[in-house]
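Q: Please take a close look at one lysine and its surroundings, then place that view in the context of the chain.

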Amino acid sequence: MTNRTDGVTGSFPKDTDMERGSTVSRRHEDGKACLFKWKDKKSVPLLSNAFGIKSENSCKRWTKEPREIVDVRQPAIVSSNNTYMGGVDMIL
């Protein structure tokens, strides 16, 4: 959540200035936390103490204008979040 970043997200570029697949990141002074902003269709802010700045993967996304599937650069933190993100288990 952007309200938990102590104002660092204010130094990130606006969503309209970023292209799809671009990443902006800031690292804490002690190097124990890294804040990412990744632009897919919308921007995704992520805070991690397990992933660094340089690890990237690629993913496939549909684009409207050329009407085809293209490869988009994606930080490893996003792919890990998508892999391990689960639903809420209901215990009755």
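A: A polar contact is a pair of N or O atoms within 3.5 Å; within protein, one of the two must be able to donate a hydrogen and the other to accept it. The model is predicted, and the values below are computed from it. In this model, a polar atom of the Lys37 side chain lies 2.7 Å from the backbone oxygen of Pro13.

Lys37 belongs to strand 2, which covers residues 34-39. Its relative accessibility is 11%, under the 20% cut-off, so Lys37 counts as buried. Beyond its neighbours within four places in sequence, the residues in contact with Lys37 are Phe12, Pro13, Lys14, Asp15, Met18, Ser22, Thr23, Val24, Ser43, Val44 and Pro45. Pro13, whose backbone oxygen takes part in the 2.7 Å pair, is thus also named among these contacts.

Two cysteines can be described in the same terms. Cys34 has a relative accessibility of 3% and therefore counts as buried. Cys59, at 11%, counts as buried too. Over the whole structure, a search finds zero disulfides.

As for the chain, one helix and five strands are present, and their order along the sequence is β-β-β-β-β-α. Of the 92 residues, 28% are buried. Taking contacts between residues at least 6 apart in sequence, 28% join residues at least 24 apart. The exposed area of the chain is about 7,400 Å², with 50% of it supplied by carbon and sulfur atoms.

Terms used: Residues are numbered from 1 along each chain as its sequence is written. This is a predicted model: local features need pLDDT of at least 70, side-chain atom pairs count only at pLDDT 80 or more; totals for chains, interfaces and linings use all residues. Side-chain values use heavy atoms; hydrogens and water are left out. Helices (H or I, at least four residues) and strands (E, at least two) are DSSP runs, numbered from the N terminus. Buried means under 20% relative accessible area, exposed over 50%, partly exposed in between (1.4 Å probe, protein chains only). Contact means heavy atoms within 4.5 Å. A disulfide is a pair of cysteine sulfur atoms within 2.5 Å. Accessible areas come from the Shrake-Rupley method with a 1.4 Å probe; for residues, only the protein chains shown count as cover.
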